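Trainee: I should like a close look at a single part of this model, namely one strand and its surroundings. Please set it in the context of the chain and of its neighbours.

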Amino acid sequence: TMKKAFLTALATILTLGSAFSQVKTWISTDVGNTYLYEMTDAKGKVTGYTLNRITGVGTDEGKTTIYYHSYSLDTNFKQGLHLTDIMAWTYNGTFHADSKSALSSASMNLEKVTEVKGSGLKLPEEVEVGHVMGDVSVSIPMILDVKQTGMHVAARESLTTPAGTFDCIRIDADLESKALFIKMSGSGQQYYAKGVGLVKSTTYNKKGGVMGGQTLVAINGGEPNGKYYWSWSMFNFGASGNPNVHYTEGAVAPEGMVDMALSVFWAEKNFTAETAVEEGLSCDFKDTDTPTEFYGEGWRTPTKAEWDELIKACTWEYTTMEDVPGYKVTSKNGNSIFIPIPGDGTANYWSTTENPEEKKNVYKAMFNEETYKVVDVPYKGKEFMIRPVCETMVKVGKKK
């Protein structure tokens, strides 16, 4: 029901950007780390799960930005909403959460949401009990409005969940919310641990009764208690050429893709190229959706986070293939792809990510003999190459 979905979303939104952590900041910088949260209602009944996976980390002039995917799962661990390029960052001793990240595990159909407004959580890296924070809000026009006021660090506590025991700060706040025709007010508590992030959150009504919550129950495949597990699977292309989602235990890349042990599969060659050394078709930013049109559902242009993940998690060797310079990129599982650098010695590849602080800027991956990195550029009309990726799917379940 709408009310049930809203209450679950409310428990999630109370975190306003919680993810994980490890710099040590209030969010993790370990690409590939995964975190499973159990969502519960007022009676403690499990209503679903959220699985978050860090996909990329970038540092620029002292600012560290972290990106992650979030998978919303029902009680049977079937996948629902998949959000990408949600982010948080730490800068000048303060952790910041993008207000959109509050929706990452909300059990609502947000796939068609195009506009999220608000102000995210700001939390000092070194914080004392009694510290008062600014208001936090998130709004989806005509759908949802949530505001937290009076946010303050109320205590330091040790908290044990199925994922382990954590030294936490507890943040208390007053809560006002509206979803369509449903209005609610109450309060909330959130527990954060350095090197982990959100551990638990609970929302209460005005009388102090529990409305819902979420709890971290497993990290990185289910350690330490082994109750949960997960593995990454893929789009499986059958004889018809049409992709069908299969939940499997192994990660077997479809034809034309390479399993780099990352959050997406990477194409063996550039968009429309016949071989791994060819440049392929270049296009401007507005045509970065062409891999999906050309190859079919599941194939697309990478995000900034996915380029960051490839750069950080793999070994890069400048070399030549068939007299074409480029980089041999080798993953931890031993698989590799070749990124060609044709022409004048510098190659540019599109991402689909716009700079959230400067909308006219977009991110590209740039390669030459001296460097391989992701940068933002103030032009969308230039023609760059595309290296397609293929979306992966996830299977999560309880161990028997």
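Mentor: The following account begins with the chain as a whole and then turns to strand β13 and its neighbours.

The model is predicted; local features require a pLDDT of at least 70 and side-chain atom pairs a pLDDT of 80 or more, whereas totals for chains, interfaces and linings use all residues. Residues are numbered from 1 along each chain as its sequence is written, and side-chain values use heavy atoms, with hydrogens and water left out.

The secondary structure of the protein chain comprises three helices and 25 strands; helices (H or I, at least four residues) and strands (E, at least two) are DSSP runs numbered from the N terminus. Of the 400 residues in the protein chain, 56% are buried, where buried means under 20% relative accessible area, exposed over 50%, and partly exposed in between (1.4 Å probe, protein chains only). Among the contacts in the protein chain with a separation of 6 or more, 55% are between residues 24 or more positions apart, a contact being heavy atoms within 4.5 Å. The accessible surface of the protein chain is about 17500 Å², and 48% of it belongs to carbon and sulfur atoms; such areas come from the Shrake-Rupley method with a 1.4 Å probe, and for residues only the protein chains shown count as cover.

Strand β13 spans residues 210-219, and nine of its ten residues are buried, so the strand is largely enclosed by the rest of the structure. Strand β13 pairs with β1 (residues 34-41), to which it runs antiparallel over seven bridges; two strands pair if DSSP finds at least two bridges between them. Within this pairing, Y37 stands opposite L216, and T40 has G213 as its bridge partner.

G213 also stands opposite T202, a residue of strand β12. Strand β12 (residues 197-205) is joined to β13 by five bridges in the antiparallel sense. The hairpin of these two strands has four residues between them, and there G208 takes a positive phi near 90°. T202 itself has 12% relative accessibility and therefore counts as buried. Its C-alpha atom is separated by 5.4 Å from that of Q189, although the two residues are 13 apart along the chain.

On the other pairing, strand β1 has seven of its eight residues buried, so β1 too is largely enclosed by the rest of the structure. Strand β1 also pairs with β2 (residues 46-60), antiparallel and over seven bridges. In that pairing E38 has Y49 of β2 as its bridge partner. β1 and β2 form a hairpin with four residues between them, in whose turn G44 has a positive phi of about 85°.

As a general point, side chains in a regular strand alternate between the two faces of the sheet.

An exposed residue offers a contrast to these buried strands. F181 lies in the loop between β10 (164-179) and β11 (182-193), and its relative accessibility of 85% is why it counts as exposed. Together with M142, I143 and L180, F181 makes a nonpolar surface patch of about 520 Å². Patches consist of residues with over 30% relative accessible area and no salt bridge, like charges being joined within 9 Å and nonpolar side chains (Val, Leu, Ile, Met, Phe, Trp, Tyr) within 5 Å; a salt bridge is a side-chain nitrogen of Lys or Arg within 4 Å of a carboxyl oxygen of Asp or Glu.
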